[in-house]
Amino acid sequence: MCGALSGVASTTATADEQQTSVPELLERLERLEAQLQALRMSTLAERRFELDGESYPYHVARGNRTWDNERAVEIPVVWRELQRHGGEGVLEVGNVLGHYFDTSHPVLDRYEQHATVTWNEDVVGFDPPFAPRLVLSISTLEHVGHSERPRDPAKFREAVDAVAGWLAPGGRLLFTVPLGYNPAVREYLDAPHPARTSVRCMRRTTLDNLWVQAEYAQVRDFRYGSPFPCANAIAIVEVASAHLPAAPPAVEGA
């Protein structure tokens, strides 16, 4: 009898210990995950990547986990382009840069309600109040037509053409897109486009989010989300204005 009671007490104590240890175990796991994240962030922040022989720092931020996805390389490339150009005549499609930097250019974003968003309208059919000299877009255009219901595969190309039509003479569109996410992106990149002036690609090489430049043919068939999270390759695309710069005024007597 005593032995039986002792066994019951022992079993109860063990159950109680297990119950109290579960929260403790979860807390330990959370601490370990936070430490691992901090280590990965600090390590990546010390690294750099190259694009066309130019060196860039990885963009490391907790917001949208840039340290673990394609934002780490997209943001530095687009941000440097903005700094080179200056803020005059710039328009951004998709509210991205304003989450990480102090920006002043207008932003078109169909859905996001944010202090840095100027217009909540569909990019297709939008008519900006000025002709931008530079339009920037970070991993936004691939959602046009693809993340909508019902899907409209033709709308991605319509969006690119619409934005190119906004540009002032001599203006440029610079946008980044993940490969393997929207089939319409590959169709667009595979086909000739007279206004498209360059396609540069980057591919992810490691779990800790290191990237290298690659040829489009090398990454054309990369899958989104495999083997690494999110994009495993991106394209950085430039499109020129369809409008020719105005001819200089004629000089009398010339």
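Arg-40 touches several residues beyond its neighbours within four places in sequence: Trp-67, Asp-68, Arg-204, Leu-207, Asp-208 and Asn-209. The model is predicted, and in it Arg-40 belongs to helix H1. With a relative accessibility of 21%, Arg-40 is classed as partly exposed, because the buried class requires a value under 20%. Two of the contacts of Arg-40 can be described in more detail. The side chain of Asp-68 forms a polar contact of 2.8 Å with the side chain of Arg-40. Asp-68 stands 28 residues away along the chain, and the C-alpha atoms of the two residues are 8.7 Å apart. At Leu-207 the partner is a backbone atom: the side chain of Arg-40 comes to 2.9 Å from the backbone oxygen of that residue.

Asn-209, another contact of Arg-40, sits in the loop between E7 and strand E8 (211–214). Is Asn-209 buried or exposed? Its relative accessibility is 0%, so Asn-209 counts as buried. The backbone of Asn-209 has a phi near 75°, which is positive although the residue is not glycine. Asp-52 also has a positive phi, of about 55°, and is likewise not a glycine. Asp-52 is located in the loop between strand E1 (48–51) and strand E2 (54–57). Its relative accessible area is 49%, and therefore Asp-52 is partly exposed.

Two peptide bonds also call for a remark. Most residues other than glycine have a negative phi, and most peptide bonds are trans. The bond joining Arg-149 and Pro-150 is cis, with omega about -5°. Pro-150 lies in the loop between strand E5 (134–138) and H3. A cis bond also runs from Ser-226 to Pro-227, where omega is near 5°. The loop that holds Pro-227 is the one between H5 and E9.

Helix H4 offers a view of how one element is packed. Which residues of H4, spanning residues 183–190, are buried? They are Ala-184, Val-185, Tyr-188 and Leu-189. Because these residues cover an arc of only 135° around the axis, they are on the same side of H4. The face turned away from that buried side carries Pro-183 and Glu-187, which are exposed. The buried residues of H4 pack against two helices and three strands by name: helix H3 (155–166), helix H5 (216–219), strand E6 (172–178), strand E7 (196–204) and strand E9 (233–240). At the N-terminal end of H4, Asn-182 acts as a cap, with a side-chain oxygen 2.9 Å from the backbone nitrogen of Ala-184.

Back on the surface, Val-22, Leu-25, Leu-26, Leu-29 and Leu-32 make a nonpolar patch of about 470 Å². One of these residues, Leu-25, is part of helix H1, which covers residues 2–45.

The whole chain can now be set around these details. The protein chain contains five helices and nine strands. Read from the N terminus, the elements follow the order α-β-β-α-β-β-β-α-β-α-β-β-α-β. Of the 254 residues in the protein chain, 42% are buried. Among the contacts with a separation of 6 or more, 63% are between residues 24 or more positions apart. The chain exposes about 14,000 Å², and 54% of that area is supplied by carbon and sulfur atoms.

Methods: Residues are numbered from 1 along each chain as its sequence is written. This is a predicted model: local features need pLDDT of at least 70, side-chain atom pairs count only at pLDDT 80 or more; totals for chains, interfaces and linings use all residues. Side-chain values use heavy atoms; hydrogens and water are left out. Patches are made of residues with over 30% relative accessible area and no salt bridge: like charges are joined within 9 Å, nonpolar side chains (Val, Leu, Ile, Met, Phe, Trp, Tyr) within 5 Å. Accessible areas come from the Shrake-Rupley method with a 1.4 Å probe; for residues, only the protein chains shown count as cover. A salt bridge is a side-chain nitrogen of Lys or Arg within 4 Å of a carboxyl oxygen of Asp or Glu. Helices (H or I, at least four residues) and strands (E, at least two) are DSSP runs, numbered from the N terminus. Buried means under 20% relative accessible area, exposed over 50%, partly exposed in between (1.4 Å probe, protein chains only). The arc is that of the directions from the helix axis to the C-beta atoms. Contact means heavy atoms within 4.5 Å. A polar contact is a pair of N or O atoms within 3.5 Å; within protein, one must be able to donate a hydrogen and the other to accept it, and residues adjacent in sequence count only if both atoms are side-chain atoms.
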